[in-house]
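Got a minute to look at a fold together? Have the model open in your viewer and keep the sequence handy.

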Amino acid sequence: MEFLVIDAGGTFIKYALMNADGEFIEKGKVRTTVCESENLENYLETLFSIFKKYEGRAEGIAMSAPGILDSETGFCYTGGRISCVTGHNMVELLQEKCKVPVTIENDGKCAALAEKWMGSLKDVNNGIVLVLGTAVGGGLIIDGKIYKGNHFSAGEFSYMAVSDENLDQMSGYWGTAGGATALIKAVSEETGIPKEELDGIRIFEMAEQGNPEVLKGLDRYTKQLAVRIYNLQVLFDAELVAIGGGISKQPLLIEYIRKHVDKFCNENPLRKLSPYLPRPEVVACRYFNDSNLIGALYHYRKKKNIDFLFH
């Protein structure tokens, strides 16, 4: 059995032909060029052109997508940066175009499902996946299952207010103030290098070389991140907090997060009242940028009642 798995992001639409055990057969990506409401048909045509490559081979389409969506029906209440899908049922639209079964799940929840299936959360009953992408996504595993909430928005960490200031601006919310773009902003401010000339690869190359200004920016960014991880830990009392997204491949990022989590917990005056206050245990996700694809396939298999063969 082979399936077309699609991870629709704000920058790229990644896709893969995968077998039923989550193994990759082929991979590819195209740039996401439509994010406006009038371009829904163009977006669907892009997805259909990907499907045409595997028509006759792919038995179904498993999709990961941003935004708040009903993964049971396929209705998208929001589409994240791909706003053209807002108010539309993507499962119905794709099934009509491609004539194969389709499932869809939020990208952060897909990342959590991938880590629960075969990754860092495989043996964890209660865990958090925090995805540091353009914005901040994630998913919550509670009692061994993905938690969606009453309105399918559980784990949409980007929407969390991070200050009592600037709440009338995007900068007042975690998605803008805490994603990989926030790391670029912090390093740019410390080094004077324009943001347009920075990306995660260059930042960590300079950090590994010991550039003091870059390390100062990384320190600022991970200190804020550690406080927010602590807050999530207080709310959910997780066994593990797994960090995903492209920059999570960098061991230095995880090292700095752990350093600040430890410092914050050790100096927390609440420990004088409650010395057993749980400390977050931070790890890297196993599948990094592939997690959305793997989790989308997991969701498809669960929804279509396909037996799992665990490795």
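Here's a walk through the sheets, the helices that lie across them, and a few side chains.

## How far to trust it

First things first: this is a predicted model. The chain's average pLDDT is 92, and 97% of the residues score at least 70. If you compare the elements of the chain by mean pLDDT, helix α4 (residues 174-178) comes out lowest at 87, while strand β5 (residues 75-76) comes out highest at 98.

## The sheet around β1

Start with the open sheet whose 5 strands are ordered β3-β2-β1-β4-β7, with mixed pairing. Its edges are β3 (24-31) and β7 (102-106), and each of those pairs on one side only. On average, neighbouring strands here are turned by 15 degrees against each other, ignoring direction.

At the β7 end, strand β4 (residues 61-65) runs parallel to β7, and 5 bridges join the two. If you want one to click on, Met63 has Ile104 in β7 as its bridge partner.

Two helices lie across this sheet. Helix α1 (residues 40-54) lies across β1, β2 (12-19), β3 and β4, and runs at about 30 degrees to β2. Helix α2 (residues 90-98) lies across β4 and β7, at about 150 degrees to β7.

## The sheet around β8

Now for another open sheet, again of 5 strands with mixed pairing, in the order β10-β9-β8-β11-β12. The edge positions go to β10 (145-147) and β12 (282-284); each has a single partner strand, so one side of each is left without a neighbour in the sheet. From one strand to the next, the twist averages 30 degrees.

Strand β8 (residues 127-132) is joined to strand β11 (residues 240-244) by 5 bridges, and the two run parallel. Along that pairing, Leu130 has Ile243 of β11 as its bridge partner, and Val131 has Gly244. With β9 the direction flips: β8 and β9 run antiparallel, joined by 6 bridges. One of the matches there is Val129 with Gly139 in β9. These two strands, β8 and β9, make a hairpin with 3 residues between them.

Helix α7 (residues 212-236) lies across β8, β9 (136-142), β11 and β12, and its direction is about 150 degrees from that of β8.

## What covers β8?

How many of the residues of β8 are buried? The count is 6 of its 6, so the strand is mostly covered in the sense of accessible area. In a regular strand, side chains alternate between the two faces of the sheet. For β8, one side has Gly127, Val129 and Val131, the other has Ile128, Leu130 and Leu132, and all of these are buried, leaving both faces covered.

## Rings and charges

The aromatic pairs come to 8 by the ring-centre rule. Take Phe3 and Tyr300: their ring centres are 5.1 Å apart and the planes are at 55 degrees, so this is a tilted pair. Phe3 sits in strand β1 (residues 2-8) and Tyr300 in helix α9 (residues 291-303), so the pair ties together parts that are 297 residues apart in sequence. Both partners are buried: Phe3 has a relative accessible area of 1%, and Tyr300 has 3%. Elsewhere, Phe75, Tyr77 and Phe152 form one aromatic cluster.

There are lysines sitting over rings, too. Lys97 lies over the face of Phe48, 5.5 Å from the ring centre. Lys259 does likewise with Tyr256, at 4.2 Å from the ring centre.

## A histidine in α8

One last residue to pick out is His260, in helix α8 (residues 251-267). Is His260 buried or exposed? Its relative accessible area is 8%, and the cut-off for buried is under 20%, so His260 counts as buried. So who does His260 touch, leaving aside neighbours within four places in sequence? The contacts are Asp219, Thr222, Lys223 and Ala226.

Technical notes:
Residues are numbered from 1 along each chain as its sequence is written. This is a predicted model: local features need pLDDT of at least 70, side-chain atom pairs count only at pLDDT 80 or more; totals for chains, interfaces and linings use all residues. Side-chain values use heavy atoms; hydrogens and water are left out. Helices (H or I, at least four residues) and strands (E, at least two) are DSSP runs, numbered from the N terminus. Buried means under 20% relative accessible area, exposed over 50%, partly exposed in between (1.4 Å probe, protein chains only). Contact means heavy atoms within 4.5 Å. Rings of Phe, Tyr and Trp (its six-membered ring) pair if their centres lie within 6.5 Å; planes under 30 degrees apart count as stacked, over 60 as edge-to-face and the rest as tilted. A charge sits over a ring if NZ of Lys or CZ of Arg is within 6 Å of the ring centre and within 35 degrees of the ring normal. Two strands pair if DSSP finds at least two bridges between them. Axes are lines fitted to C-alpha atoms, for helices over the stretch in contact, and angles run from 0 to 180 degrees between N-to-C directions. pLDDT is the predictor's confidence in each residue, from 0 to 100.
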